[in-house]
Amino acid sequence: MVFILIGARVFSLTFYGVDGHKWVEDLLLNLPGGQVGFLIFVNAFVFVLAFFLDFFEIAFIAIPLLALPAQKLGIDLVWFGVMLGREHADLVHAPAVRLRAVLLRSVAPTEPYVDRVSGKRMER
C-alpha cells in the first residue's frame, strides 16, 4: 500500500509539473450547468474511478485536482469533502472489494491442506 501511495504522489507531482492541473481546472470550470453540472460530473467521475482505484489513490490524485475548481465555483470545500466522503462510503462495498479479493486470493492455499484446528483435510 505504501508503494501505491508513493506512486500516486509521484504521478500527481509529475502531472502538476507539466501544468496538467491547469488544463483540468479550465476543463472543469467550463462544464455546462455551473455548480450543479460540476457536482454531477464529479460524482460520476469518482464513481467510475472507484472501479479502478482505491480510496487512497483517489484522495491523492483526483481530490486535489477537483478542490480548486470547486472553490472557484463557490462550492464550500467542507461540504464538498463531505459529499465525496459519503460517495466513497457508498462505493466501498462494491468496486473496492476487488482489491481485497486480490489480497485474499494471494494468501489462499493452492493445494489441499490439513486444517490445524480440526485436523480435517481441506480442499484449496
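**Exercise 1.** In this predicted model, identify the buried residues of helix 2 (residues 20–29), and determine how they are arranged around the helix axis.

*Solution.*
Step 1. Helix 2 has as its buried residues Gly20, His21, Val24, Glu25 and Leu28.
Step 2. Viewed down the axis of helix 2, these buried residues fall within an arc of 135°, so they line one face of the helix.
Step 3. On the face turned away from the buried side, helix 2 carries the exposed residues Lys22 and Trp23.
Step 4. The cover over the buried residues of helix 2 includes helix 1 (2–17), helix 3 (34–49) and helix 4 (55–72).

**Exercise 2.** Decide whether His21 counts as buried or exposed, and state which residues it contacts beyond its neighbours within four places in sequence.

*Solution.*
Step 1. His21 is located in helix 2.
Step 2. A residue is buried when its relative accessible area is under 20%. His21 has a relative accessibility of 18%, and therefore counts as buried.
Step 3. With neighbours within four places in sequence set aside, His21 is in contact with Phe15, Tyr16 and Leu65.

**Exercise 3.** Describe the protein chain as a whole, beginning with its secondary structure.

*Solution.*
Step 1. The protein chain contains six helices and two strands. Their order from the N terminus is α-α-α-α-α-α-β-β.
Step 2. Of the 124 residues in the protein chain, 24% are buried.
Step 3. The protein chain exposes about 8,600 Å², of which carbon and sulfur atoms supply 70%.
Step 4. Consider the contacts between residues at least 6 apart in sequence: 63% of them join residues at least 24 apart.

Methods: Residues numbered from 1 in each chain as written. Predicted model: local features only at pLDDT ≥ 70, side-chain atom pairs only at ≥ 80, totals over all residues. Heavy atoms only, no water. Helix = DSSP H or I, 4+ residues; strand = E, 2+ residues; numbered from the N terminus. Buried < 20%, exposed > 50% of the residue type's maximum accessible area, 1.4 Å probe, protein only. Contact = heavy atoms within 4.5 Å. Areas by Shrake-Rupley, 256 points an atom, 1.4 Å probe, with all protein chains shown as cover. Arc of directions from axis to C-beta.
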